[in-house]
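Subject: The structure we spoke about, with notes

Dear colleague,

I am passing on the structure, together with some notes on what was found in it. Please keep the model open while you read, so that you can look up each residue as it is named.

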Amino acid sequence: MSSKFFAVVAGAGPGTGRACAIRFAKSYPVVLLTRKPESYQDTVAEINNSGGKAIGISADTSDVKSLNAAFEKIAKELPGSKLAAAIYNVGAGFQRKPFLELSAEDFDVAVGGNARGLFNFAQKTLPLLLESVSDSEHPPTLLITGATASVRGSYMFSTMAASMFARRALGQSLAREFGPKGVHVAHAIIDGVIDIPRTSHYNVNNGVEDSKLRADAIAESYWNLHTQHRSAFTQEVDMRPYVEKW
């Protein structure tokens with residue numbers, strides 16, 4: 001494990017965030033950012049007990065002051081370390097609701113977490129990723145988790161779709177600006193239900209084996225994006241179970 005570099009995962013609760021923290025911890029110390037400690041505590045303990053290094057910090061990415069405080073703590077906990085990979089996996093405002101029953105607050109919550117949060121996170125991490133370009137083994141990487149709503153405005157998912165479209169567009173713009181500078185920015189469309197305890201009772205794709213996305217498989221794809229050679233960057237990838245209708 002490289003102690004000179006670290007990875008940070010925003011939105012490190014059960015599912016993709018947790019799996020990414022565990023996967024990237026095989027190579028780097030990892031920082032897990034979530035709003036509530038109970039969302040990262042078990043994963044931090046698991047990584048540290050298995051010989052890795054993990055730090056959990058409570059932070060709200062939609063709040064600049066909260067995020068600034070988190071990165072100040074990272075600098076104290078990991079002095080001299082450089083950032084190798086930053087993963088934005090925060091989810092906010094997921095609700096299936098008729099448009100005329102939505103409030104402006106519903107819209108703001110979705111945009112705050114899904115779009116403004118990425119804006120804030122990218123402003124904190126991209127300067128650090130740029131500093132790592134010259135000596136990182138793999139291209140410094142900003143990975144962004146998207147969803148079906150990133151490319152399709154589904155029935156009664158207006159706030160989710162609007163905010164995830166914005167997230168995807170921001171990622172594209174960042175990729176075009178920072179790719180030529182050596183930072184790999186990639187967006188992943190997660191097109192399906194992820195297999196986590198909360199979705200265990202969901203009957204999708206007739207319940208066939210592997211009908212839901214495995215979080216560890218998603219994390220492995222994220223690792224592959226991080227280790228891509230700069231001569232062949234992927235800007236966007238979509239993932240779905242083999243039986244998912246699309």
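The notes below go through the cores, two buried residues, the aromatic rings and the charged pairs.

Please bear in mind from the start that this is a predicted model, and that every value below was computed from it.

**The nonpolar cores**

A good place to begin is the largest nonpolar core, which has 33 residues, and in which Phe24, Val30, Leu32, Ile190 and Tyr222 are those with the most contacts inside it. Several elements give two or more residues to this core, namely strand 1 (5-10), helix 1 (16-24), strand 2 (30-34), helix 2, strand 4 (82-88), strand 6 (184-190) and helix 6 (215-226). Which element provides the largest share of this core? That is helix 6, from which six residues come. Another core, of 29 residues, lies apart from the one just described, and Tyr88, Ala122, Leu126 and Ala175 are among its members.

To see how one core residue is surrounded, you could select tyrosine 222: leaving aside its neighbours within four places in sequence, tyrosine 222 is in contact with a list of residues that includes Thr16, Cys20, Phe24, Ile87, Ala188, Ile190 and Met239.

**Two buried residues that are worth a look**

Threonine 43 is found in helix 2, which covers residues 41-49. Is threonine 43 buried or exposed? Its relative accessible area is 3%, and since buried means under 20%, threonine 43 is therefore counted as buried. When neighbours within four places in sequence are left aside, threonine 43 is in contact with Arg18, Ala21, Ile22 and Leu32.

Arginine 167 has its place in helix 5, residues 158-178, and this residue too is buried, with a relative accessible area of 1%. Its contacts, again leaving aside neighbours within four places in sequence, include Tyr88, Val90, Gly91, Asn114, Leu118 and Thr145. With threonine 145 there is more to say, for the side chain of arginine 167 reaches the backbone oxygen of threonine 145 at 2.5 Å, while the C-alpha atoms of these two residues, which are 22 residues apart along the chain, are separated by 9.0 Å.

**The aromatic rings**

A pair of aromatic rings is described by the distance of the centres and the angle of the planes. The structure holds four aromatic pairs, and two of them are described here.

In one of these pairs, tyrosine 28 and tryptophan 223 are tilted, with 6.0 Å from centre to centre and 50° between the planes. This pair links distant parts of the chain, since tyrosine 28 is in the loop between helix 1 and strand 2, whereas tryptophan 223 is in helix 6, 195 residues apart. Both tyrosine 28 and tryptophan 223 are buried.

Tyrosine 88 and phenylalanine 121 also form a tilted pair, with 5.4 Å from centre to centre and 45° between the planes. Here tyrosine 88 is in strand 4 and phenylalanine 121 in helix 4 (residues 104-132), 33 residues apart. Tyrosine 88 is buried at a relative accessible area of 0%, and phenylalanine 121 is buried at 0% as well.

Ring pairs also link Phe24, Tyr28 and Trp223 into a cluster. A ring can have a charged partner too: arginine 240 lies over the face of tryptophan 246, at 3.9 Å from the ring centre.

**The salt bridges**

Side chains of opposite charge can pair when their charged atoms come close. How many salt bridges are counted here? The count comes to nine.

Aspartate 135 forms a salt bridge with lysine 4, in which the closest N and O atoms are 3.0 Å apart. Aspartate 135 lies in the loop between helix 4 and strand 5 (141-147) and lysine 4 in the segment before strand 1, so this pair ties together parts that are 131 residues apart in sequence. Aspartate 135 counts as partly exposed at 29% relative accessibility, and lysine 4 as partly exposed at 43%.

Lysine 82 forms a salt bridge with aspartate 135 as well, the closest N and O atoms being 3.1 Å apart. This second pair links lysine 82 in strand 4 with aspartate 135, 53 residues apart. Salt bridges that share partners thus join Lys4, Lys82 and Asp135 into one network.

With best wishes

Technical notes: Residues numbered from 1 in each chain as written. Predicted model: local features only at pLDDT ≥ 70, side-chain atom pairs only at ≥ 80, totals over all residues. Heavy atoms only, no water. Helix = DSSP H or I, 4+ residues; strand = E, 2+ residues; numbered from the N terminus. Buried < 20%, exposed > 50% of the residue type's maximum accessible area, 1.4 Å probe, protein only. Contact = heavy atoms within 4.5 Å. Core = buried A, V, L, I, M, F, W, Y, C linked by side-chain atoms within 4.5 Å. Polar contact = N/O pair within 3.5 Å; in protein donor to acceptor, adjacent residues only side chain to side chain. Phe/Tyr/Trp six-rings, centres within 6.5 Å; stacked < 30°, edge-to-face > 60°. Lys NZ or Arg CZ within 6 Å of the ring centre and 35° of its normal. Salt bridge = Lys/Arg side-chain N within 4 Å of Asp/Glu carboxyl O.
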